[in-house]
Amino acid sequence: MDMTWLQAVVLGFVQGLTEFLPVSSSGHLRIVSAIWFGDDAGASFTAVTQLGTEAAVLVYFFTKIVQIVRAWFIGMSNVIRGMIRKEPAGDQGLDYRMGWYVIIGTIPIGVLGLLFKDQIRSGARNLWLTASMLILFSLVILLAEKFATQRRAMDEMTARDAVIMGLAQCLALVPGVSRSGATSSAGLFLGLERRAAVELSFLLAIPAVTASGLFSLPDAFTSDGVGLQASGPQLLVATVIAFVVGYASVAWLLNFVAKHSLNWFVGYRIALGVIVLGLLTTGVVSAT
């Protein structure tokens, strides 16, 4: 079934609004597609429109990202020079370490995303699973906030933090979990300050989501007769809308988490999950 322009606009807005909130953007796209349009926009549409929200992160954190990339290359040259001269390179600074944290934290989701590509595009999009994850992972967020000490700032992060948060990011392959919710909760469990955990969560998502979106581009233009099929212009418009709305969402969320806990989103997640389960039970919407 061909996607309409209204559907493309609505789904682009939903993607931009929910990508950075701990409520699962992929889950919302799946639910909105099913309830409003009676079909599934598909994993490829989701992945491609996420390029818009990641572009928003790149713009918002542009200065910081440039600092990290520059520091990483300078630090690596210092390390190599030290190895040649058989001299210790010393501490290369936080930005250099952050570059490595993003790299090693991205590896787990890259590997699992490739290994389970087919399952992610099919069985993982079942609405029973999505609704259940919305509810169950809310409990994880509650526990993370309950036991959060927030004793460690950004400059106290370690490679261990990056690995654990990277592993947590893999949970976002299942719609309903939430990438930001999973990684931020992992950061809170590790004792990181909430804003530091959320910032690293955003940085970790950049290579993973960008690679996923680019990898899914060919599939987005190939019709298999299943779900809503968007045209090239519709994908472009939806992605641009996701960028604009996503940029506003990034700024709002970072300011919000500096003063409030993630528990504010838990009630919404549970309510939405219960509503979807009710619609599935009564046969109002289909699970597939």
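Helices are DSSP runs of H or I, at least four residues long, numbered from the N terminus. The model is predicted, with local features needing pLDDT of at least 70 and side-chain atom pairs 80 or more, while totals for chains, interfaces and linings use all residues. Residues are numbered from 1 along each chain as its sequence is written, and side-chain values use heavy atoms, leaving out hydrogens and water.

**View 1. Welcome to the largest pocket, with a volume of about 620 Å³.** A pocket is an open set of points on a 1 Å grid over the protein atoms alone, with protein on both sides within 12 Å along at least five of seven lines; lining residues have an atom within 4 Å of a point. Here 31 residues form the lining, and Ala47, Ile120, Leu173, Arg179 and Ser212 lie nearest the centre. Helices H2 (25-37), H3 (43-60), H5, H6 (117-121), H9 (179-189) and H10 (194-220) each give two or more residues to this lining. The largest share, 7 residues, comes from H10.

**View 2. Now meet the largest cavity, with a volume of about 50 Å³.** In a cavity, a 1.4 Å probe fits but cannot get out. Its walls are Glu19, Phe20, Glu54, Arg179, Ser180, Ser201, Phe202 and Ala205. H9 and H10 each supply at least two of the lining residues, and H10 gives the most, with 3.

**View 3. Last comes the second largest cavity, holding about 30 Å³ of space.** Around this cavity you can find Phe20, Pro22, Ser180, Gly181, Ser184, Val198, Leu253 and Leu262. This time H9 gives the most to the lining, with 3 residues. Each volume is the space filled by probe spheres set on the grid points, which are joined across faces, edges and corners.
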